[in-house]
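Biologist: I am new to this one. Could you walk me through a few features?

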Amino acid sequence: SLNVIQYLSISHKYISGDFENAINGVWGPLISWLLIPFLSMHIPDLFSFKILQILIGLILLIGIIDFYLKLFNSDKNIGNEIFVLFLGFVFILSYYIFFTGTPDLLLLTCMFFYLYSIISDKYIINKKGGVISGFLGALAYYTKAYALPFFIIHFILINLYFLVKYPEKKEILKFNLISGLFVSILICSVWVILLSNKYGYFTYSTAGSYNFSIVGPEYKGIHTFRFEKLYPPVNNTAT
């Protein structure tokens, strides 16, 4: 698919040192960065992508099972339930691993662990909770840019809810709120600065404007389903 071609192409740009063309505002960089070790070992491109998807899927599956055990008390006999849960998610994950070429599975994994961390009982008693949540929110942004506004809004709202529900934990929650926002903004700002410097204006992503333009009345570009003519590569190392 177009997605796989783009992410693999960007990975090869990083490997070859073509950082100027590798940095772009449409395709999130994280999955391309994660592909680099596999491609550097000369594993075929598509196999590299599938291997990475399998590893991401296994991490997500382990996290889901761990969450289920804690949610429904791991002391009771729930072996059959775990097996059914495992079987169900294997089918879902197999679809994303073998039949899609998007970073959606990676984004889901980042957001799952972010939500897992913030609803954990440890969040309101441990000052590390905000840092962990902020880091995971930043990873989600580096996967797909629209995760950034979602994370910021959700993170602020959930912390305000906790402040109302647990006033006795006010100091810890305030610290987690501030530290989480600081960590996420600090990490995300690196990519925002790189993008803004490349395009000449402040931006954290150009994917939104691109998606709007391809369905607009003045569409004049190239898209997977709307070819008007053949277009030259956008740069010397483009696929």
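Modeller: We will look at a helix pair and then at a loop residue. This is a predicted model, where local features need pLDDT of at least 70 and side-chain atom pairs count only at pLDDT 80 or more, while totals for chains, interfaces and linings use all residues. Residues are numbered from 1 along each chain as its sequence is written, and side-chain values use heavy atoms, leaving out hydrogens and water.

Biologist: At what angle do the axes of α7 and α8 cross?

Modeller: Two packed helices are described by the angle between their axes and the distance between the axes. Here helix α7 (residues 129-143) and helix α8 (residues 147-165) have axes that come within 8 Å and cross at roughly 155°. That makes α7 roughly antiparallel to α8 (angles over 145 degrees).

Biologist: Which residues of α7 and α8 make the contact?

Modeller: Contact means heavy atoms within 4.5 Å. From α7 come Gly130, Ser133, Gly134, Gly137, Ala140 and Tyr141, and from α8 come Ala147, Leu148, Phe151 and Phe155.

Biologist: And the loop residue: is Ser205 buried or exposed?

Modeller: Buried means under 20% relative accessible area, and exposed means over 50% (1.4 Å probe, protein chains only). Ser205 is buried, with a value of 19%. Ser205 sits in the loop between α9 (170-199) and α10 (207-213).

Biologist: What does Ser205 touch?

Modeller: Leaving aside residues up to four places away in sequence, Ser205 touches Gly25, Ala145 and Leu195. A polar atom of the Ser205 side chain lies 3.2 Å from the backbone oxygen of Gly25. Ser205 and Val26 are 179 residues apart in sequence, yet 6.3 Å apart in space, C-alpha to C-alpha.

Conventions: Axes fitted to C-alpha atoms, helices over the stretch in contact; angles between N-to-C directions. Helix = DSSP H or I, 4+ residues; strand = E, 2+ residues; numbered from the N terminus. Parallel < 35°, antiparallel > 145°, perpendicular 65-115°, else oblique. Polar contact = N/O pair within 3.5 Å; in protein donor to acceptor, adjacent residues only side chain to side chain.
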